[in-house]
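Subject: Structure handover

Hello,

Here is the structure I said I would pass on. Please look at it first; my notes on what was found follow below.

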Amino acid sequence: MRSFFSARLVWAFLAATFVFGTNLGVQAKELNVVATIRPLYALVLAVSDGVFVPEQLIDANLSAHTLQFRASDARKLENADVVFWIGPALETALEVPIVNLARWAQVVAMMDAPGLDLIELAGGDDPHIWLSTANARAMVDTIARTLIEADPDNREVYEKNARVAKNRIKNLKRQMTKFLGDVKNTPFIVQHDGFAYLVREFGLNQQGYIRETVDREPGARHISELRALIDHNDVRCLLGEPQVTSKLARQLASEPGMRLGTLDALGLDLDDSPTLYARIMQKNARALLKCLTYRAHEQDTNPVTAPGPAG
Ligand SMILES: [Zn+2]
């Protein structure tokens, strides 16, 4: 069992160290901040720009739903002052490690952030909250507030960064709305049911999904419903994902007139920078446009013009 009194002693010790450090004119220790999935890491990276670089907890090559916890992740959690995660509905495998290892950290579950507009599903709220730019702006506010509490000396930088980040996201939304305007009525199907926020925000015409969750294969009834839907609504675009495009998705996509695209909710191969979040969303917008503007018999001769970095 965790000792309440020893926790208080450690806090007292840390507080004393901090006060002495300040009195002696020694610079306060840099914050150790951990973020789980890459889009959340991207938002923290934007708010902390110029002060510190956060640690990313989840290997960018893994799906958040099926992640494996590693020894290096344990070390990051043990050393953390602040941990940002989406919450147990998404990074389920992190629930126990966070409680056990991030004992001294302030743990912030973004699903509980004020100002989110959540989509309710049968089993609880949809955890893919970062795929709404409005939610991302609310997340920036929570990140800034948390960092200011943990490191008041850098309040002005965090406040300025948060303003810049939110403006960039506002521009991103304007740009994506324009960019996706012509294809928003074109029907498509996704690999797993993780894009409802994107669909809602930009009024897209998602007709269904292959898997309800990334790790569950669909049953025969769902497959035949899916095929009927594709025929009935003349669906020509199927969007897989880098980690989890299933055999069934490839099979359906190989049928005449069908096109297989890739949505990457996590921004797997994008570099770190304060614009990372915008680039993750732009990459998805380009993937949607490319898949949805396809017509049978048409060669891919008109390369889609990509939107540049927002803001
Ligand atoms: Zn998902």
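**Strand pairing**

V33 has V82 as its bridge partner in β3. Before going further, please note that the model is predicted. The pair belongs to the parallel pairing of strand β1 (residues 33–35) with strand β3 (residues 82–85), which has 3 bridges. Both strands sit in an open sheet of 4 strands, ordered β2-β1-β3-β4 and paired in parallel. At its edges are β2 (55–56) and β4 (106–109), each of which pairs on one side only. As general background, strands of a sheet pair through backbone hydrogen bonds, in either a parallel or an antiparallel sense.

A parallel pairing also joins strand β9 (residues 237–240) to β10, with 4 bridges. Within it, L238 is bridged to L260 of β10. Strand β10 (residues 259–262) has two unlike faces: R259 and G261 are on the covered one, while L260 and T262 are on the uncovered one.

**The chain as a whole**

The protein chain has 311 residues, of which 47% count as buried. It contains 10 helices and 10 strands. Taking the contacts with a separation of 6 or more, 62% are between residues 24 or more positions apart.

**Nonpolar cores**

The largest nonpolar core consists of 84 residues, and F84, I86, M110 and W130 have the most contacts inside it. Helix α10 (residues 276–292) supplies the largest share of this core, 11 residues. Domain 1 (4–176) and domain 2 (179–292) each contribute at least three residues to the core. Another core lies apart from it and has 10 residues, including I189, L238, A249 and L252. L238 is thus a member of that core as well as the bridge partner of L260. In soluble globular proteins, nonpolar side chains tend to be buried together.

What does I86 touch, once its neighbours within four places in sequence are left aside? Its contacts are T36, I37, L40, E91, A109, M110, M111, P127, I129, W130 and M139. Two of these, M110 and W130, are also listed with I86 among the residues with the most contacts inside the largest core.

**Helices α5 and α10**

Helix α5 (residues 133–150) is 18 residues long and spans 26 Å from first C-alpha to last, close to the 26 Å expected at 1.5 Å a residue. S132 caps its N-terminal end, with a side-chain oxygen 3.3 Å from the backbone nitrogen of A134. The buried residues of α5 are T133, N135, A136, A138, M139, V140, T142, I143, A144, T146, L147 and I148. M139, one of them, is also in contact with I86.

Q282 is part of helix α10. Is Q282 buried or exposed? Q282 counts as buried because its relative accessibility is 3%, under the 20% cut-off. Its C-alpha is 7.3 Å from that of M176, although the two residues are 106 apart in sequence.

**A backbone detail**

D234 lies in the loop between α8 (220–232) and β9. Its phi is near 55°, which is positive although the residue is not glycine. Most residues other than glycine have a negative phi. With a relative accessible area of 43%, D234 is partly exposed.

Regards

Key: Residues numbered from 1 in each chain as written. Predicted model: local features only at pLDDT ≥ 70, side-chain atom pairs only at ≥ 80, totals over all residues. Heavy atoms only, no water. Core = buried A, V, L, I, M, F, W, Y, C linked by side-chain atoms within 4.5 Å. Buried < 20%, exposed > 50% of the residue type's maximum accessible area, 1.4 Å probe, protein only. Domains from an automatic or database assignment. Contact = heavy atoms within 4.5 Å. Pairing = 2+ DSSP bridges. Expected span 1.5 Å × (residues − 1). Polar contact = N/O pair within 3.5 Å; in protein donor to acceptor, adjacent residues only side chain to side chain.
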